Amino acid sequence: MEEKIIPSEDIKRICKNILEFFSDYCRKNGLTFFLGYGTALGAVRHRGFIPWDDDIDVMMPRPDYERLISMFDNSTEDYLLLVHAKDKHYYYPFAKLCDKKTILVEEHYSNDTNMGIYIDIFPLDGNGTEHTEAKKHLKKCIKTQQKLNNAMAKHFFRSNSNFIIEIIRYLRYRFLKLVGSEYFFNKLDLFIKKYSYDNSKYISNNSWCTYAARDLFEKSMFQKSMDIEFEGKPYPIPENYDVYLSSLYGEYMKLPPEEMRISHHDMVAYYRER
């Protein structure tokens, strides 16, 4: 029987259900989390999903993130927590909470896992007490993350560089693939946990930082939260969300040009056979 692709609106509905479950689970177990990135932006600007987006991102302080991993039981819950500690074939350095009734295939990354439609759960890690050192440390994490990205990639992606540079990029890609995802995952894992969260003044999403130093904040930013509506239900975001969103997106209440209103996630989802 031919598998039926799950449309974007149904993906949003499933993601919303996962978020509701996750929020209830965190509340019952005393775990702190915040809406992050495009999900926080969508909550503030649209009171829900950004219309052309279909994923959900949340953030957790590292101590809460580790508690989640240790206490979540994949055998008894309706959802699957994908993290390297529970599945050695999963190489993302952050967790995904997946719907067990679906299968999700990513176009760009290789993962021999039981991935379904998911929400991303990013740990917030310590970066020390000095701003200059915190920026240097984040830069190290990003460089290692980029190597892990290459090692996980299914295909080589050509750029608009000249022929010689493309050859160098391709050879680098093949070398990183040869070294393998396991090596770069372990190296990155050491980097992102170098500084204690509790003893740091600065924190960031060291595991998958796409905004560089714009994603580096004083920990005080995440010590107070407020509830905001997302698809009809209240969820926590940093109380000073204006500083957070302005750092990431600039004039975040201004809509991008129409040609930029597209999803950047290349994936296909199906329902599992019953």
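**Buried residues, cores and internal space in the predicted model**

At 2% relative accessibility, H137 counts as buried in this predicted model. The residue sits in helix α4, which spans residues 131–152. Apart from neighbours within four places in sequence, H137 makes contact with G126, N127, F191, K194, Y195 and N206.

A second buried position was examined in helix α1, where Y25 is found. With a relative accessibility of 10%, Y25 also falls below the 20% limit and therefore counts as buried. When residues up to four places away in sequence are excluded, Y25 touches L31, L68, M71, F72 and E77. Of these contacts, F72 lies 47 residues from Y25 along the chain, and the C-alpha atoms of the two are separated by 9.3 Å.

Helix α3 comprises residues 62–71, of which R62, D64, Y65, L68 and I69 are buried. Viewed down the axis of α3, these buried residues fall within an arc of 160 degrees, so they line one face of the helix. The packing partners of the buried residues of α3 include both helices and strands: α1 (8–29) and α6 (181–192), together with β2 (57–61), β3 (79–82), β4 (95–99) and β6 (118–126). L68, buried in α3, is also among the residues touched by Y25.

The largest nonpolar core contains 75 residues, and the members that touch the most others are F22, L35, L97, I121 and Y244. Helix α1 gives the most to this core, with nine residues. A second, separate core of six residues includes L138, I142, Y202 and C209. For L97, the contacts beyond four places in sequence are I18, F21, F22, F72, Y79, L80, L81, I117, Y118, I119 and I121. F22 and I121, which appear among these contacts, are themselves listed with L97 as residues touching the most other core members. F72 is in contact with L97 and also with Y25.

Empty space was examined next. The structure holds one cavity of 30 Å³ or more, and the largest cavity encloses about 40 Å³. Its lining is formed by G38, T39, G48, F49, I50, D53, D55 and F230. By class, this lining has three nonpolar, three polar and two charged residues.

The largest pocket has a volume of about 1,200 Å³. Its lining consists of 40 residues, of which D53, D55, Y211, H264 and H265 lie nearest the pocket centre. Two or more residues of this lining come from each of α2 (37–46), β6, α4 and α7 (241–249). The largest share, four residues, is supplied by α2. The lining divides into 20 nonpolar, nine polar and eleven charged residues. D53 and D55, named among the residues nearest the centre of the largest pocket, also line the largest cavity.

The second largest pocket has a volume of about 230 Å³. The residues lining it are H108, Y109, N149, N150, A153, H155, F156, F157, R169, R172 and Y173. Helices α4 and α5 (163–179) each supply at least two of the lining residues, and the largest share, three residues, comes from α5. In terms of class, five residues of this lining are nonpolar, four are polar and two are charged.

Notes: Residues numbered from 1 in each chain as written. Predicted model: local features only at pLDDT ≥ 70, side-chain atom pairs only at ≥ 80, totals over all residues. Heavy atoms only, no water. Buried < 20%, exposed > 50% of the residue type's maximum accessible area, 1.4 Å probe, protein only. Arc of directions from axis to C-beta. Contact = heavy atoms within 4.5 Å. 1 Å grid on protein atoms, 1.4 Å probe; cavity = no way out; pocket = protein on both sides within 12 Å on 5 of 7 lines; lining within 4 Å. Points joined across faces, edges and corners; volume = space filled by probe spheres on them. Nonpolar A, V, L, I, M, F, W, Y, C, P; charged D, E, K, R; others polar. Core = buried A, V, L, I, M, F, W, Y, C linked by side-chain atoms within 4.5 Å.
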